[in-house]
Structures are given as C-alpha cells and as structure tokens.
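Morning, everyone. I'll keep this short: a helix pair to begin with, and then the two DNA strands. Have a look at the screen.

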2 protein chains.
Amino acid sequence: MSQPAPPLATIAAALRRERERVGISLAELARRAGLAKSTLSQLESGTGNPSVETLWSLGVALGVPFSRLVEPPAPLIRVVRAGQGPRLQSDHADFFATLLTAGSAHTRRDLYVMELEPGASREADAHLPGSIEHLVVAAGRLRVGPRHEEVELGPGDYVTFPGDIAHHYQALEPGTWAVLLMEHR
Amino acid sequence: MSQPAPPLATIAAALRRERERVGISLAELARRAGLAKSTLSQLESGTGNPSVETLWSLGVALGVPFSRLVEPPAPLIRVVRAGQGPRLQSDHADFFATLLTAGSAHTRRDLYVMELEPGASREADAHLPGSIEHLVVAAGRLRVGPRHEEVELGPGDYVTFPGDIAHHYQALEPGTWAVLLMEHR
DNA sequence: TCGAGTCGTTCGGTTTGACGAACGCCGGGC
DNA sequence: GCCCGGCGTTCGTCAAACCGAACGACTCGA
C-alpha cells in the first residue's frame with residue numbers, strides 16, 4: 001500500500017503544490033503554521049525529514065488533510081459498470097432536489113439545491129458505496145445525519161457524512177434550503 | 001479533516017493498536033522496521049514526535065497505510081459551524097473564503113463558503129487550466145462571472161463558469177454569501 | 001534614486017529525536 | 001536452585017530537525 005515511495009521528495013512537491021494552490025508565499029505559510037521560514041524552505045527543497053508535528057501544522061495551515069502531503073498524487077483507474085450509475089431518489093411531498101450539474105462518466109459529482117419543509121423527515125437509503133455527502137445550509141434550520149448521529153444546522157453551517165449508510169433529513173423551519181454536493185467515488 | 005487533533009496521542013494509540021492487531025512484540029516490530037526498541041517504546045508511550053521517515057517505516061512494517069497511523073478513527077459526521085474553519089484571506093479585506101473540504105489527492109474538488117461585502121469587486125486571476133467554478137448564492141445579491149459576461153444572482157441562483165479565465169466577484173448587498181464548488185481538471 | 005517592505009535562501013546555535021547499551025522483569029528448561 | 005532467552009523501559013551520546021538572524025534580490029512609492 002505504501003511500500004516503495006520514500007516520501008521525502010513527495011512531501012517536498014506536495015508542499016509547494018498545495019501552497020501555490022492556496023496562493024500564499026512561503027513566508028506566509030510558515031507564519032500561519034508557526035514554523036521558521038528556514039524550516040519550510042528546506043522542506044520544500046527536499047532537504048530534511050520533518051517531524052509529524054511539523055508536517056501536521058502545515059496540513060492544518062493549508063487546509064488539506066494530512067494524507068495529501070505524504071501520499072503521491074495517485075492516478076487511480078476506476079471502472080463503473082453499466083447500470084451502476086447514481087440513482088436519484090424519488091421526490092417526497094416536502095422534499096425537492098434540483099439537479100444543478102450532473103456528474104458525467106468521468107466526474108462523479110452532483111450539485112443540488114435542496115428545499116425542505118418541516119414535518120415528516122426524509123429517510124434516505126444508502127447510496128453507492130464510497131459516496132460522500134456535503135451539505136451547506138443556506139436558510140432555515142436542518143436536522144441531518146446518520147442514524148443516532150444527527151446534528152442540527154443553521155445558515156452557513158457545513159456538514160459531511162458518508163452517503164452509503166442510512167441517514168435522514170428533517171427541516172425544522174419553513175423555507176429551509178441547502179446546497180448539497182454528492183460525491184460518488 | 002485534520003484540524004483539531006494533536007496527533008501525538010493518536011499515533012501512540014494507533015501504533016499499539018496496529019501492532020497488537022498483527023500480534024507481534026514491540027521488539028519484533030522495531031526489528032522489522034529497522035528502528036531501535038527505545039525509539040518505538042517512547043513512541044508508544046506517547047513521548048516524542050517521530051519523523052516522517054520513522055513513522056513511514058513503521059507503517060510499512062505493519063502493513064498499514066500511512067494515514068491509519070496519524071488520523072484518528074474517522075468520525076462519521078463532521079460539522080463546520082458558520083464562521084469557523086480555516087479562512088483564506090484574499091487581496092481584498094471584504095472577501096473571505098472558508099475551506100470546508102479539500103479534495104483528495106486525485107479528486108481535486110474544493111468546497112468553500114464565500115462571504116463578500118459590497119464595494120470593490122474582487123478580481124480573480126485565472127486558476128489552473130481546466131478548473132470550473134460552481135456557485136450557489138445563499139443570501140444577498142452577487143454580480144459574478146467572466147469579464148463582460150457578468151450576471152447578477154440572488155438567493156438560490158446558481159451559476160457555473162470556467163475558472164481558468166479572469167473573472168470577478170462583486171457583492172451588491174451587505175451580508176452576501178455563497179457556496180462555491182471549485183473543480184480542478 | 002533612495003527607502004521600506006516582502007520574498008526565499010543560507011548560516012551558526014540550540015533543542016530533540018533516534019540510537020545503542022544497560023537495566024529489571026518474567027517464564028521455561030537442564 | 002541457577003541460567004538463559006525475550007520482553008519493555010531508562011539513560012547517555014550523537015546526529016539532525018528546528019530556530020533566529022542575516023543575506024541578496026525584487027517590487028513599490030516617495
């Protein structure tokens with residue numbers, strides 16, 4: 001799984017790549033991560049073997065998960081057999097989902113605006129294995145999550161959870177709506 | 001994803017857990033990983049902050065991916081409350097973007113909550129070639145789009161446009177915010 | 001042109017992680 | 001009894017990760 005790669009150069013490349021993606025300078029990143037510029041400079045140049053704490057603080061400052069800094073960008077071959085495409089859930093009386101952009105065969109992500117009215121909660125079956133839901137509440141209040149782990153959200157709140165286990169949505173106020181990003185791996 | 005946890009204790013627990021899962025002694029694991037027993041002993045006791053190389057060799061010897069040693073057992077659901085999460089500053093003081101979830105190494109897909117105040121428009125440089133922006137306005141009014149093709153959006157409105165050409169955002173009302181999905185490649 | 005600011009790199013000094021050897025502990029033979 | 005093998009921990013030494021300061025190069029404004 002993680003055998004062959006000596007992660008020294010991988011980390012160096014990942015650090016520079018992610019930093020430039022965020023669009024900040026080396027000095028600025030060092031500042032946010034609480035490190036010396038010299039340390040970060042050596043890391044990005046491939047010299048040195050950072051401690052976990054050091055690399056962790058960089059991951060936090062960059063807003064990326066730890067693994068993105070150590071694992072090489074894995075070009076991953078993936079097959080979706082015919083008939084296994086994501087199925088849209090049928091509409092419920094108090095639930096509307098508007099498909100904004102559907103994932104093509106290559107980019108499997110769907111973006112919805114979801115409108116809900118208070119009342120009966122919407123039970124969602126498990127989707128495809130590996131699917132992940134991201135939700136940002138735009139207005140109203142929403143109770144959502146996997147069974148027995150529901151959370152209550154207000155405007156601006158964000159939540160993510162696996163889509164491949166049973167979960168449900170329930171609006172707590174009229175006019176509740178949210179942006180839903182469905183990822184299918 | 002990787003925010004709050006100081007991974008010292010997490011690593012200690014993960015090492016002991018994985019080692020006992022394999023069913024080998026501390027000395028044996030140190031032998032396979034090419035480390036000194038003392039080093040591993042201190043790591044499992046929570047003392048010390050291993051280098052990436054050290055932890056990597058342990059992951060190889062244990063036959064587990066690197067991330068299993070540093071990330072706590074993944075919670076099913078994760079919430080970022082409004083106004084929390086890492087904020088990306090911009091060249092203008094009236095623009096904030098909060099990174100909600102960063103795409104994995106191969107799925108470059110970042111989800112933001114973007115807050116804007118009226119006034120000077122934010123000029124966005126072209127991003128990586130092939131990137132696409134999706135935007136859903138949650139509150140306020142927003143003028144956005146590529147140069148000379150701007151559109152005006154209200155709550156619930158959705159727009160998508162290429163991110164690899166120059167474009168800009170401009171809030172028309174106070175308290176304007178939107179959900180931004182950035183796709184790369 | 002000069003000055004102030006930021007950029008990223010390089011250079012000693014200090015902290016600390018990793019090593020090897022020794023330690024005490026426990027269980028099984030001869 | 002005694003010794004032997006392996007276990008996990010502790011201690012002193014050494015290399016190196018990290019730091020702070022200084023450096024030259026560059027960009028703006030005055």
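Before the helix pair, one cut-off: angles of 65 to 115 degrees count as roughly perpendicular. And keep in mind that this is a predicted model.

Okay, chain B. The axes of H2(B) and helix H4, residues 52-62 of chain B, come within 8 Å and cross at roughly 110 degrees. So H2(B) and H4(B) are roughly perpendicular to each other. Who makes the contact? From H2(B) we have Leu29(B), Arg32(B) and Ala33(B), and from H4(B) it's Ser57(B), Leu58(B) and Ala61(B). By class, that contact has four nonpolar residues, one polar and one charged.

Now over to the DNA, strand D. There are 21 residues around DNA strand D, and Ser38(A), Thr54(A), Leu26(B), Ser38(B) and Ser41(B) come nearest. The elements giving two or more residues to that surface are helix H3 (37-44) of chain A, plus helix H2 (26-33) and helix H3 (37-44) of chain B. Which element gives the most? H3(B), with five residues. In terms of class, the surface near strand D has five nonpolar, twelve polar and four charged residues.

And strand C. Here we have 20 residues around the strand, with Ser25(A), Leu26(A), Ser38(A), Ser38(B) and Thr54(B) nearest. At least two residues each come from helix H2 (26-33) and H3 of chain A and from H3 of chain B. For strand C, H3(A) has the largest share, four residues. The classes near strand C are five nonpolar, eleven polar and four charged.

That's my tour; over to you.

Conventions:
Residues numbered from 1 in each chain as written. Chains lettered and ligands numbered in written order. Predicted model: local features only at pLDDT ≥ 70, side-chain atom pairs only at ≥ 80, totals over all residues. Near = placed C-beta within 6 Å. Nonpolar A, V, L, I, M, F, W, Y, C, P; charged D, E, K, R; others polar. Axes fitted to C-alpha atoms, helices over the stretch in contact; angles between N-to-C directions. Parallel < 35°, antiparallel > 145°, perpendicular 65-115°, else oblique. Contact = placed C-beta atoms within 7 Å.
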